[in-house]
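Trainee: Please show me how to read a protein model, one feature at a time.

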Amino acid sequence: KEPERRIDMQAEFLDLESIDTGKYKGMVIQDPTDKRNVRGFVYLALAWGSVLQPSRQRAVSQLVRAINTYTSIRAEVDDQLFLDSQNLFKAPFVYITTSRAFELTKHEAANLARYLRSGGFVVADNDQPHLEYGPAEASLRSMFKQALGRDARFVQLGNDHPLYHVFFDFEGGPPPGGEATSVGPSSVTGKASPVPYLEGIYLGDRLVAVYSDKGYGAFWEKEFENEPHLKMGVNLVVFALTQKGSIAEQQIDFYNQAGR
């Protein structure tokens with residue numbers, strides 16, 4: 001993004017197209033003078049674990065459609081991504097969503113920790129946001145603590161955070177999600193209050209994970225009345241691809257240094 005690292009967009013875009021052979025899961029170039037001028041490719045997949053099963057299996061395909069609609073990034077749905085696989089380290093963006101309790105194996109936790117510490121980016125989306133600290137939320141939060149230990153500190157992402165402005169501008173912070181969804185009669189207890197922000201986990205000065213109490217996957221799967229939520233999804237992906245130190249940046253730097 002820095003001026004001294006500006007690249008001929010046309011030539012570089014052609015190179016990105018030619019090297020999309022499956023070795024890399026995402027490479028983009030963003031014009032430092034125009035944030036909307038971002039081009040390249042990305043493959044997105046749902047994350048699975050030995051116990052973790054994603055609850056919104058059409059969410060990623062709908063997010064892929066939104067990226068192809070709104071941006072010049074060519075997005076495709078990738079194969080299932082397992083948290084204990086070496087393929088995890090090729091993925092610049094990992095989406096985890098669930099509606100049930102789960103726990104990582106020791107190998108999955110260690111692999112996830114190494115992924116996050118080496119440039120990875122995870123969006124963990126609670127698919128039961130209407131429940132006050134329900135089993136999905138408890139498991140997602142515990143997942144990061146299991147992987148990162150004391151480094152798993154959740155912080156509120158203020159409305160001025162670059163995540164809300166990297167492609168689309170969300171001046172009021174993230175769009176509302178399903179946190180206020182009705183769960184039954186008013187006498188039902190355990191209903192969560194709406195959470196008007198996203199939370200993040202940092203390692204150093206790099207945002208490595210976002211925790212969402214929004215249930216965005218449910219909105220991405222819808223066919224209407226979900227434009228703000230899809231645009232937020234686009235921002236999440238673009239941020240993961242363009243953040244300094246990201247896997248996508250490392251991959252394109254390695255490719256350039258190798259002489260193409």
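Mentor: Let us begin with strand pairing.

Trainee: Which residue does Gly26 stand opposite in S2?

Mentor: Strands of a sheet pair through backbone hydrogen bonds, either parallel or antiparallel. Here, Gly26 stands opposite Val42 in S2. S1 and S2 run antiparallel and are joined by five bridges. Two strands count as paired if DSSP finds at least two bridges between them. Strands (E, at least two residues) and helices (H or I, at least four residues) are DSSP runs, numbered from the N terminus.

Trainee: On what basis are such statements made?

Mentor: This is a predicted model, in which local features need pLDDT of at least 70 and side-chain atom pairs count only at pLDDT 80 or more, while totals for chains, interfaces and linings use all residues. Residues are numbered from 1 along each chain as its sequence is written, and side-chain values use heavy atoms, with hydrogens and water left out.

Trainee: What is the strand order of the sheet that holds S1 and S2?

Mentor: It is an open sheet of three strands in the order S1-S2-S4, with mixed pairing. Strand S1 (26-30) and S4 are the edge strands, each with a single partner, so one side of each has no neighbour in the sheet. On average, neighbouring strands of this sheet are turned by 15° against each other, direction ignored. For such values, axes are lines fitted to C-alpha atoms, for helices over the stretch in contact, and angles run from 0 to 180 degrees between N-to-C directions.

Trainee: Which strands of this sheet does H2 touch, and which does H6 touch?

Mentor: H2 packs on the sheet against S2 and S4, and its direction makes about 160° with that of S4. H6 packs on the sheet too, touching S1, S2 and S4, and its direction makes about 90° with that of S1. Touching, or contact, means heavy atoms within 4.5 Å.

Trainee: How should I describe two helices that pack together?

Mentor: Two packed helices are described by the angle between their axes and the distance between the axes. Helix H2 (residues 59-70) and helix H6 (residues 227-242) pack at about 80°, with their axes 9 Å apart. They are therefore roughly perpendicular to each other; angles under 35 degrees count as roughly parallel, over 145 as roughly antiparallel, 65 to 115 as roughly perpendicular and the rest as oblique. Among the residues making the contact are Leu63 and Ile67 of H2 and Leu230 and Val234 of H6.

Trainee: Which residues touch the most other members of the largest nonpolar core?

Mentor: A nonpolar core is a set of buried Ala, Val, Leu, Ile, Met, Phe, Trp, Tyr and Cys residues joined through side-chain atoms within 4.5 Å. Buried means under 20% relative accessible area, exposed over 50%, and partly exposed in between (1.4 Å probe, protein chains only). The largest core has 40 residues, and Leu44, Phe93, Leu163 and Val210 touch the most other members. H6 gives the most to this core, with nine residues. Not counting residues up to four places away in sequence, Leu163 touches residues including Leu157, Val210 and Phe239. A second, separate core of 32 residues includes Ala45, Leu52, Phe102 and Leu116.

Trainee: Is Phe167 buried or exposed?

Mentor: Phe167 is buried, with a relative accessible area of 1%. Phe167 lies in the loop between S8 and strand S9 (198-203). Leaving aside neighbours within four places in sequence, Phe167 is in contact with residues including Val38, Tyr70 and Val234. Although Phe167 and Val38 are 129 residues apart along the chain, their C-alpha atoms are separated by 8.9 Å.

Trainee: What is the order of strands in the sheet of five strands?

Mentor: This open sheet has the order S6-S7-S10-S9-S8, with mixed pairing. Strand S6 (94-98) and strand S8 (154-157) stand at the edges with a single partner strand each, so one side of each is left without a neighbour in the sheet. The twist from one strand to the next averages 30°. S6 and S7 run parallel and share five bridges, and Val94 has Val122 as its bridge partner in S7. Four bridges join strand S7 (residues 122-126) to S10, again in parallel; the partner of Ala124 in S10 is Tyr211.

Trainee: Which residues of S6 point one way, and which the other way?

Mentor: Val94, Ile96 and Thr98 point one way, Tyr95 and Thr97 point the other way, and all are buried.
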